[in-house]
Amino acid sequence: MESLKILIPTDFSVQAEFAYLMVKKLEEKTSIDIHFLHVLNVPDTVSMDSRGDIQTCGEIDVNFVVKQKEIAERKLENLKVLYGNHINVHLVLGKTTDAILDFSNSHGFDLIVMGTKGASGIKEILSGSEAQIIARRSKIPLLSLMCDRSDLQIQNVLLVHNFSNPKKEGMGLMHKLIKAFNTKVHFLQITSGKVESELGKVESDMKHFAELNGIVNYECHLINDKDVENGVVHYNQINNMDIICIGTHGKGSLFHQSATEKLINHLFKPIISFHLN
């Protein structure tokens, strides 16, 4: 079976450990090529050449950056001691989210996996979490999680979508998960209208979507709720899903300003966000 190429951005926190444990769970069923990336967060005036030598201009002391780089390299090497020599480790310089996006795009990853601390209140409004920003801007699917999910059985995946205009989407990752774990996909659409009157049309659209995207093992669900975030939370309280997939158009989310991003920061479930065509 072809392997999944996975990028785990790490700041050496417990959240990055959660990301690795999640990836190990995937590895039980499918071959995985694991890459850890640490970004040394430095201004544009600092650069690193192909030999790994640091150049700076302006106010920044080159020795300070060299020391930071050496510490990060030791921590990356320690990951190989912890997890084994099969993992790949990388160090780049730059602004964290920009560097993660550049690296993931230029190296052809199937998936980015990030542990997130979550965020709420003023911090979220000002900056959002790094995972939110990656979800908004990455063309590569992002799997984000807030806690240790090493006990996870990936049997039921929730796909939250507006199915009213079915088309073929980039579902490569979903197909790999279905194939590896024999997963059932639960299609969910959230409406603010009456479920009874809309159900027939929505189920027909979902069936068409499944045909277009080659999904065979699925169930259809339509629920009424005030918004997507609440709908997903309420659906999940009744039907315990293992992973939640939600599409984004990159300008916030599919539905309103940013259901995907809010869920990344507030839901204790692994969430895969992917860009829709």
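**Note on the fold, centred on helix α2**

1. Start with helix α2. Its buried residues are V65, K69, A72, L76, L79 and Y83. Viewed down the axis of α2, these buried residues fall within an arc of 70°, so they line one face of the helix. An α-helix has 3.6 residues a turn, so residues three or four places apart point the same way. The other side of α2 carries exposed residues: N63, K67, R74, V81 and L82. Bear in mind throughout that this is a predicted model.

2. What do the buried residues of α2 pack against? The partners are α1 (14-27), β2 (32-41), β3 (46-48), β4 (54-56) and β5 (88-94). Helix α1 is on that list, and α1 has buried residues of its own: Q15, A16, F18, A19, Y20, M22, V23, K25 and L26.

3. The geometry of α2 checks out. The helix covers residues 62-83, 22 residues in total. At 1.5 Å a residue it should span 32 Å, and its end C-alpha atoms are 32 Å apart, which agrees. Helix α1 passes a similar check. It has 14 residues and reaches 20 Å from its first C-alpha to its last, close to the 20 Å expected at 1.5 Å a residue.

4. Look at both ends of α2. At the start, a side-chain oxygen of D61 comes to within 3.0 Å of the backbone nitrogen of N63. After the helix comes G84, with a positive phi near 110°.

5. Strand β1 (residues 4-9) is mostly covered, with 5 of its 6 residues buried. It pairs with β2 in the parallel sense, over 6 bridges. Within this pairing, K5 stands opposite D33 in β2. The chain gets from β1 to β2 through α1, and this β-α-β crossover is right-handed. Strand β1 is also joined to β6 (residues 111-115) by 2 bridges, and these two strands run parallel. There, the bridge partner of L7 is I112 in β6.

6. Is H38 buried or exposed? This residue lies in strand β2. Its relative accessibility is 11%, and the cut-off for buried is under 20%, so H38 counts as buried. Its contacts, not counting residues up to four places away in sequence, are T10, D11, F12, A72, L76, H90, L91 and V92. Two of these, A72 and L76, are also among the buried residues of α2. H38 thus touches residues that line the buried face of that helix.

7. A99 sits in helix α3 (residues 96-106). It is buried, with a relative accessible area of 8%. Leaving aside neighbours within four places in sequence, A99 is in contact with L37, V39, V92 and L93. V92 is also touched by H38. A99 and H38 are 61 residues apart in sequence, yet 9.4 Å apart in space, C-alpha to C-alpha.

8. Further along the chain, β9 (residues 184-191) and β10 (residues 218-224) run parallel and are joined by 7 bridges. F187 has C220 in β10 as its bridge partner. With helix α7 (residues 195-212) between them in the naming, β9 and β10 make a right-handed β-α-β unit.

9. K184 belongs to strand β9. At 25% relative accessibility, K184 counts as partly exposed. It touches Q155, N156, V157, N217, Y218 and E219, not counting residues up to four places away in sequence. With E219, K184 makes a side-chain polar contact of 3.0 Å. The C-alpha atoms of K184 and Y218 are separated by 5.5 Å, although the two residues are 34 residues apart along the chain.

10. N236 is found in helix α8 (residues 228-238). It is buried, with a relative accessible area of 10%. Its contacts, leaving aside neighbours within four places in sequence, are M241, I244 and K269.

11. Now the whole chain. Its secondary structure comes to 9 helices and 12 strands. Of its 277 residues, 51% count as buried. Among contacts with a separation of 6 or more, 78% come from residues 24 or more positions apart. The pair K184 and E219, noted above for its polar contact, offers a local place to begin inspection of β9 and β10.

Terms used
Residues are numbered from 1 along each chain as its sequence is written. This is a predicted model: local features need pLDDT of at least 70, side-chain atom pairs count only at pLDDT 80 or more; totals for chains, interfaces and linings use all residues. Side-chain values use heavy atoms; hydrogens and water are left out. Helices (H or I, at least four residues) and strands (E, at least two) are DSSP runs, numbered from the N terminus. The expected span of a helix is 1.5 Å times one less than its number of residues. Buried means under 20% relative accessible area, exposed over 50%, partly exposed in between (1.4 Å probe, protein chains only). The arc is that of the directions from the helix axis to the C-beta atoms. Contact means heavy atoms within 4.5 Å. A polar contact is a pair of N or O atoms within 3.5 Å; within protein, one must be able to donate a hydrogen and the other to accept it, and residues adjacent in sequence count only if both atoms are side-chain atoms. Two strands pair if DSSP finds at least two bridges between them. A crossover is right-handed if, with the strands pointing away from the viewer, the path from the first strand over the helix to the second runs clockwise.
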